[in-house]
Structure formats: structure tokens, C-alpha cells
Amino acid sequence: PKLNIVILYGGKTGEHQVSRVSAGSVIRNIDRSRYKLLLVGIDEEGVWHLQDETELEKVIAGSDPEIQPGNEVNAMPGRGLGVNGKLLKIDLVFPVLHGTFGEDGTVQGFLEMIGLPYAGAGVLASAFGMDKVKAKELWRKEGLSVVPFIRYSRQDHEAQEVTPEVLFTRWSSELGAPFFVKPCRAGSSVGISKVRRPEQLAQALDTAFHFDNDLLIETSINAREIECSVLGNREIRSFPPGEVISSHDFYDYSGKYLDPKGARLEIPADLSPASTQRIRNMAEEAFKALGGQGLARVDFFVDRDSGSIFINEVNTMPGFTSISMYPKMCEAGGLSYRELLNELIRLGLERHSERS
Ligand code: ADP
Ligand code: MG
Ligand code: MG
């Protein structure tokens, strides 16, 4: 019999659209001879809607999944999900959600509570992956190298009696200039600035504080950007790393999503066998340190001058279309997109059965 898989997409997040594109690709490529798909779209208010067969057919024919209102999905704690009080038959939920309320541990915790298996990272690794400061503090403790950074909160900022010029002098003497200002919990490069001159700092802080109360101020590395896919529960495997070659000042939002010439992906990356091995090991270690299960894309900086390797961040639900970096790197390691989806479902079921 086919397994009943819920594809969960949309969401109350800045990355709602990106999620729908990723979900469309998952729906078209998943092995439908093995799985019966139920589409559940989360609207911008956060309400879950079960989609009917015609929506599924439209997506299979090529359009991105939409969120038709009608059949509201309700939680039935300990039992699963229902519509109008009637329990839906579900074997696993596949959250194809990015960012807040998607890859930050909240939806994972919710699914744990209602008792349904799900694909992807668990609560802890998802939450760590979303928090750039917490993740870096942990990696540093584990002896994995990260770029020098300072955490800076809104409270610190309000208690400061100093001008941005003084802050610039302080930070640039500690971290060098230019430096990066980033929100602690965000993605897709939103809220991130590269600060070269004192007069740019006030704006950079404003922009970052718009997205989060906690910031990272970070040394800017003149670096190649290398990414590595990892997959697994207890046994973690990694795949050949890839490189993102951005044509912008850095890999910003427009380079990711708006400008078709904003970035080029090179898979596998042109690295020495030793560097490749080192990056793969570090990716596996970084994922394990966070208690990772399922999948993650671990992103690195490789210093162009010194060759030093730094872990930048993990993304526990990275861009997931068939042409995205994560699936492409798996493919370069011999795992096709379709097999990758099978594997993620298998890993989600395995974790669930070990816990219950
Ligand atoms: P996000 O989660 O939004 O992708 P990142 O930390 O990956 O946040 O930053 C986005 C981009 O900004 C990176 O891909 C890189 O191009 C640039 N960047 C961020 N931090 C640094 C740094 N310390 N040195 C050089 N470039 C950086
Ligand atoms: Mg990120
Ligand atoms: Mg990034």
C-alpha cells in the first residue's frame, strides 16, 4: 500500500513564496507510485488548508501549489491532523517550509506533540540552525572554526551612550573593517549589511534590528563560499561540496532570488582532495554537534588568502527545488532527487519509530 504523505508548504514567513516553489518541485519529483500525496497549504495568517485533488493535478502539470481556502486542518493532539473532526490518514508530514515557523523547530515541535512523523531535522537542530549566535557558540566550543563575531542586542544598543562612529571604531579595531552586521535569526540574506565606513553603521543596525532583537557583528572574510549537503540520523553522510559564485558584492537577497545572473553554482567545487575531505568532515561534525537528524546544508567560507576554512551557518530546510544547491550536491554524490526524497521519508519514519 502507498504511504500517505502530507506536503506542507507556504507558511507565515518571509519565505512563503520560496516554500511554494520548493514544494512544487518536491510534488512533481516524488515517486507517486509509492506515496499518496495530501497537500496542506499554510496561508499568510498561519491557517492550514487541505487542498483537493484538482490542486494536486495542477501542480503535477507544472504550476506552483496554491492555497485554496475551504477545508481547514485542525490539530488532534496525540492523534494527528483532522478536517471537521475527522482524522486524516497520514504516515508522515514533509514540511517544505523555510525560515521562521518552518525550519526553526516550531513546526517540528508541533508535529511531535500531535504525534506525527516528519521529514527533516528535529526540534533542537532546527532551532540551533535558525540561531546564528547559538550555533556559532556551540561550534566554537566543539573546536570547529567560525569567523570572529560579537553578539549585540537591542538592550546593549539602548544602554550604549555612544555614537555609531565610536561603535565603528570599537568594532573595526576588534574585527577589522569591513565587517558584517546580521540579524541573529533570519535567512535569504535579509537584513544583512557589509559595513565599510562609519557613516554606514547606523543604517545597517536599523536594518538588522528590523528583523531581530539580537545581532551578530562579524569579521568580513574575503572568501569563496562553499556549501556541503549532509544527510542521515545517527549515521551522517556528506556529499561533494559545491561553490556559489556571486556576481554581487556579497550573496545578497537579489543575488539569490531576483537577479538571474546574481550567482552561479559550481558542483562539485574546484577544491583539492584534502580541502574537500576537510570540508566534508567539518560539515558532518557541525551537524552532529547540533544534534542534527534528517538533512542540512552546511555553508562555509574558505579564505582566499590563507585557505582557512570557517563554518558560516547551517540551513535545515535549504532551498529544495530540483535545481537548488542541496539536491544538486546530493546528485553529484550519486543520490538522485527522487532517491533523496525517499531517503528523507525513510529517515523521518526511522526517527519516529525509535522514539515511540
Ligand atoms: P543567510 O542565513 O541570510 O544566508 P549568511 O550568514 O549566510 O545569512 O549571510 C548571507 C551572505 O552574506 C553570505 O552568503 C555571504 O555572501 C555574505 N556574508 C555573510 N557573512 C559574511 C562574512 N563574515 N564574510 C564575508 N561574507 C559574508
Ligand atoms: Mg541561512
Ligand atoms: Mg547563507
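1. A backbone N or O atom of serine 188 lies 3.3 Å from an oxygen atom of ligand 1, a pair that counts as a polar contact, meaning two N or O atoms within 3.5 Å (within protein, one must be able to donate a hydrogen and the other to accept it, and residues adjacent in sequence count only if both atoms are side-chain atoms). Serine 188 sits in the loop between strand S9 and strand S10 (193-195), where helices (H or I, at least four residues) and strands (E, at least two) are DSSP runs numbered from the N terminus. Its phi is near 60°, a positive value in a residue other than glycine. Because its relative accessibility is 8%, serine 188 counts as buried, a word that stands for under 20% relative accessible area, with exposed for over 50% and partly exposed in between (1.4 Å probe, protein chains only).

2. Before reading further, please note that this is a predicted model, in which local features need pLDDT of at least 70 and side-chain atom pairs count only at pLDDT 80 or more, while totals for chains, interfaces and linings use all residues. Residues are numbered from 1 along each chain as its sequence is written, chains are lettered from A and ligands numbered from 1 in the order in which they are written, and side-chain values use heavy atoms, with hydrogens and water left out.

3. Two side chains also make polar contacts with ligand 1: a polar side-chain atom of lysine 182 lies 2.7 Å from an oxygen atom of the ligand, and an N or O atom in the side chain of asparagine 312 is 2.9 Å from a ligand oxygen atom. Of the 540 Å² of accessible area that ligand 1 has on its own, the protein covers 95%, the areas coming from the Shrake-Rupley method with a 1.4 Å probe (for residues, only the protein chains shown count as cover). Strand S9 (179-183), strand S11 (214-219) and strand S17 (309-315) are the elements that give two or more residues to the shell.

4. Which residues are the closest to ligand 1? They are Lys132, Lys182, Ser189, Glu218 and Glu225, among the 19 residues that surround the ligand, where a residue is near a molecule if one of its heavy atoms lies within 4 Å of it. At least three residues of this shell come from each of domain 2 (128-145 + 222-355) and domain 3 (149-219), with bounds taken from an automatic or database domain assignment.

5. The magnesium ion (ligand 2) has as protein donors Glu313 (OE), Glu313 (OE) and Asn315 (OD1), lying 2.2 to 2.6 Å from the ion; donors are N, O and S atoms within 2.8 Å of the metal (3.2 Å for Na, K and Ca), and sites may look incomplete because water is not among the atoms. Glutamate 313 bridges this ion and the magnesium ion (ligand 3), the two ions lying 3.8 Å apart. Glutamate 313 counts as buried because its relative accessibility is 14%, and asparagine 315 counts as buried at 14% as well.

6. Some backbone details deserve a look. A cis peptide bond joins alanine 177 and proline 178, with omega about 0°, and proline 178 has its place in the loop between helix H7 (164-175) and S9. Another cis peptide bond joins isoleucine 267 and proline 268, with omega about -5°, and proline 268 is found in the loop between strand S15 (263-266) and helix H10 (273-289).
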